[in-house]
Amino acid sequence: MVREIIKDENILTQKSERVELEEAKEIISDLLDTAKAHIDNCAGLAAPQIGVLKKVVVVRDGNTFFPMINPTIIKRTGSQFNSKEGCLSLEGERIVKRHPSILVSYQDHSGKKLTKTFNSSLSIIIQHEVDHLNGKLI
């Protein structure tokens, strides 16, 4: 189901809770529907942006989105740089400090635990979405 994008900073600045796989599947479905409805402006979407304070995000890789359940950035590498970012929940763009490479632990849509390194644009998107889960806005 396509959900409304939350713009209320009182909700968006709250920390999200870990989620179990079955509950995550329902959230993923709504995140994917909502992200696809905003495909022209959406590189990723976090559950808090649809009003669900659970640790689930979807990230765009090319023309497809992949879900991350309970993602945790384990390691950030490389010198920080300025990233110009927009957000469906906020007006305009902002400059944010990001690392070029991150190591992330998460579960995929089937519940499989993965630890993977992400670089460049995927690294930026994941850092942005994980910030949402931690109640941090750009």
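Trainee: In which strand is the place of N70?

Mentor: This model is predicted, and in it N70 has its place in strand β3.

Trainee: Why does N70 count as buried?

Mentor: Buried means under 20% relative accessible area. N70 has a relative accessibility of 5%, which is under that limit, and therefore N70 counts as buried.

Trainee: What makes the phi of N70 a point to note, although N70 is not a glycine?

Mentor: The phi of N70 is positive, at about 50 degrees, in a residue that is not a glycine. S120 also has a positive phi, near 45 degrees, and is likewise a residue other than glycine.

Trainee: Where is S120 found, and why does S120 count as exposed?

Mentor: S120 is found in helix α3. Exposed means over 50%. The relative accessibility of S120 is 51%, so S120 counts as exposed.

Trainee: How do you know that β2 and β3 pair?

Mentor: Two strands pair if there are at least two bridges between them. β2 and β3 have 6 bridges, so the condition is met, and their pairing is antiparallel. Across this pair, V58 stands opposite P67 in β3. The hairpin of β2 and β3 has 2 residues between the strands, and G62 there takes a positive phi near 70 degrees.

Trainee: How do you know that β3 and β6 pair as well?

Mentor: At least two bridges are required. β3 and β6 have 6, so they pair, and they do so in the antiparallel sense. I69 stands opposite Q107 in β6. From β6, residues 101–107, a further 7 bridges lead to β7, which runs antiparallel to β6. There, L103 has T117 of β7 opposite.

Trainee: In what order do the 5 strands form the open sheet, and what makes a strand an edge strand?

Mentor: The order is β1-β2-β3-β6-β7, with antiparallel pairing. An edge strand pairs on one side only, as do β1 (44–46) and β7 (113–119). Neighbouring strands of the sheet are turned by 40 degrees against each other on average, with direction ignored.

Trainee: Which strands does helix α2 touch as it packs on the sheet?

Mentor: Helix α2, residues 21–37, touches β1, β2 (56–61) and β3 (64–77), and its direction makes about 45 degrees with that of β2. Helix α3, residues 120–133, lies across β1, β2, β3, β6 and β7 and runs at about 160 degrees to β2.

Trainee: How do you know that β4 and strand β5 pair?

Mentor: Again the requirement is at least two bridges. β4 and β5 (residues 90–98) have 7, so they are a pair, in the antiparallel sense. A hairpin of 2 residues joins β4 to β5, and the bridge partner of C87 in β5 is L90.

Trainee: Why is D131 called buried?

Mentor: The limit for buried is under 20%. D131 has a relative accessible area of 10%, so D131 is buried. D131 lies in helix α3. Residues up to four places away in sequence are not counted in saying that D131 touches R98 and K136. A separate comparison is with D8, which is 123 residues from D131 in sequence and 16 Å away in space, C-alpha to C-alpha.

Trainee: Where is P48 found, and why is P48 called buried?

Mentor: P48 is found in the loop between β1 and β2. With a relative accessible area of 0%, set against the limit of under 20%, P48 is therefore buried. Leaving aside neighbours within four places in sequence, the residues in contact with P48 are I6, I11, L12, S16, L53, K54, H132 and L133. P71 is 23 residues from P48 along the chain, and their C-alpha atoms are separated by 14 Å.

Trainee: How do you know where empty space is left?

Mentor: A probe the size of a water molecule, rolled over the atoms, shows where space remains empty. In this structure the largest pocket holds about 280 Å³ of space. Among the 17 residues that line the pocket, N41, A43, G86, C87 and H128 are the closest to its centre. β4 (81–87) and α3 are the elements that give two or more residues to the lining.

Trainee: How do the residues of that lining divide?

Mentor: The lining of the largest pocket has 6 nonpolar, 7 polar and 4 charged residues. Gly counts as polar, so G86, which is one of the lining residues, belongs to the polar group.

Technical notes:
Residues numbered from 1 in each chain as written. Predicted model: local features only at pLDDT ≥ 70, side-chain atom pairs only at ≥ 80, totals over all residues. Heavy atoms only, no water. Helix = DSSP H or I, 4+ residues; strand = E, 2+ residues; numbered from the N terminus. Axes fitted to C-alpha atoms, helices over the stretch in contact; angles between N-to-C directions. Contact = heavy atoms within 4.5 Å. 1 Å grid on protein atoms, 1.4 Å probe; cavity = no way out; pocket = protein on both sides within 12 Å on 5 of 7 lines; lining within 4 Å. Points joined across faces, edges and corners; volume = space filled by probe spheres on them. Buried < 20%, exposed > 50% of the residue type's maximum accessible area, 1.4 Å probe, protein only.
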